[in-house]
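Q: Please give a close account of the lining of the largest pocket and of the helix that contributes most to it. I am in my first year, so kindly explain each term when it first appears.

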Amino acid sequence: MEFSKGKIRQIRHLMILGALLVLALTYSKEVFQGIAFFFGILSPFLVGGVMAFVLNIPMRAYEEKLFRRWRGKSAAKCKRPLCLVLSIVSVSVVIAIVVGTVVPQVVTTASEIGRKIPAFTDKVLENLDRLMKDYPEVTAKIDELELTEIKWDSVLDSIIDFLKNGAGDVLNSTVSVASGIISGIVNGVISFIFAIYVLSQKERLEDQGRRILTAYLPKAAAARTGEICSLLYKNFSSFITGQCLEAVILGFMFVVTMTLFRMPYALMVGVLIAFTALIPIVGGFIGCWVGVFLILIDNPLQALWFIILFLILQQIEGNLIYPRVVGNSVGLPAIWVLTAVSVGGSLFGISGMLFFIPLTSSFYALLRESVNSRNAGKGLPVAQVEDNGGQGEGRQTAVEKQNSAGKDTGKRTGKKR
């Protein structure tokens, strides 16, 4: 039996792929080390890409809404740098407000704790003395305990060994920490410069990427890859916008309710919870424990009421606000939002929670389009209504629109006949 040239080429490619998989499994440790080294080299550029993606959201809003009438050549040259500067300033102002609101209050509370520790210690000692007087059997049990004799020679030897060996370790640790800080600063500067370059040349980079796809992929595959990239961009940008909106709503709810119930640190706790709520669903708990710690210093009973208030608002936010605000922004039903957060957090922690919602939304849209396309090809009915975040709002995909257009055309031609 003879094979065609195309079949022989396909078999050869499968054999090469199988050999590569066997080598990858055999030397898996070296492969993972190489991947880690590769990503370590590219980490400044990956971080810069993330920074560019985040900064592009307010920059695009400035370009399309605030400066949309700047269309001349001279205005166009100033429009992009001005919007980029405004975007950087906006993000910096938000971070400065959070840090300026939270950090001074935490420092003040820490100093108050330091002042209250001596009084707290005296109160504990007083209670212990009272306990000893009221329960003499406890004192008798303590007296029966045999106190071990301290071997000062061994303690002195341990101190000498630490001074001999620990000095070098401390020096090495200091050098490592210093080099890590310097490396982090350098990588941060490189990431920031790369982000600025990407934002200033994003149209050109997009065109270059499109031309690379059309050059090395078939026309249909290149077009499909471009559609998937556009879908990912839309879902990620919508998710970030919805997540920020949800965080602002939650922080405002805490500021208002804590002010109404006359709880201390209302503004600071509200800002902190809004900032930590950027982590999907569970981020607010971080701000909760900080708020409990701060309120506990002033009034333990109010700290208990704050926990009850947090649980109530968290239930409202988690079951009503978050699935609808974020779910509607990415076009994902509420149940899949919760599933994406749970699975992403279990696999990759906080970063998994952040990335899995838009990834799940993109996969959901692609799967829905594929299912509708196959059902339409078999003559089966296509779902026209989407459970968009539990709202029941209709949204049609490209395939669904084509099917609807085909049905409408058929109806019109049938009427003419």
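A: Helix α7 supplies the largest share of the lining of the largest pocket, namely 11 residues. This is a predicted model, in which local features need pLDDT of at least 70 and side-chain atom pairs count only at pLDDT 80 or more, whereas totals for chains, interfaces and linings use all residues. Residues are numbered from 1 along each chain as its sequence is written, and side-chain values use heavy atoms, with hydrogens and water left out.

A pocket is found on a 1 Å grid over the protein atoms alone: it is an open set of points where a 1.4 Å probe fits, with protein on both sides within 12 Å along at least five of seven lines, and a lining residue has an atom within 4 Å of a point. In total, 38 residues line the largest pocket, and V54, V91, I240, C244 and L278 lie nearest its centre. Two or more lining residues come from each of α2, α3 (73–134), α7, α8 (266–276) and α11 (334–377). Helices here are DSSP runs (H or I, at least four residues), numbered from the N terminus. The space in this pocket is about 1,500 Å³, where a volume is the space filled by probe spheres set on grid points joined across faces, edges and corners.

Helix α7 (residues 219–260) is also tied to α2 (residues 28–66) by a pair of rings: Y233 lies in the former and F53 in the latter, 180 residues apart in the chain. Rings of Phe, Tyr and Trp (its six-membered ring) pair if their centres lie within 6.5 Å; planes under 30 degrees apart count as stacked, over 60 as edge-to-face and the rest as tilted. The centres of F53 and Y233 are 5.5 Å apart and their planes stand at 80°, so this pair is edge-to-face. Both residues count as partly exposed, F53 at 22% relative accessibility and Y233 at 28%, because that class lies between buried (under 20% relative accessible area) and exposed (over 50%), using a 1.4 Å probe and protein chains only. Ring pairs join F53 and Y233 with F236 and F355 into a cluster.

Helix α2 deserves a further look. At L42 it bends by about 55°, and the proline P44 follows within four residues; the bend is the angle between axes fitted to the seven residues ending there and the seven starting there. P44 is among the buried residues of α2, which also include G48, A52 and L55. Both P44 and G48 touch S191, which has V47 and M51 as further contacts when neighbours within four places in sequence are left aside. Contact means heavy atoms within 4.5 Å. S191 belongs to helix α5 (residues 152–200), and its relative accessibility of 2% makes it buried.

In helix α11, another contributor to the lining, V343 is found. V343 is partly exposed, with a relative accessible area of 37%. Its C-alpha lies 7.9 Å from that of M353, which is 10 residues away in sequence.

Finally, confidence must be considered. The chain averages a pLDDT of 77, and 78% of the residues score at least 70; pLDDT is the predictor's confidence in each residue, from 0 to 100. Helix α6 (residues 202–216) has the highest mean among the elements, 90, and helix α12 (residues 398–416) the lowest, 45. Where pLDDT is low, the predicted coordinates should not be read in detail.
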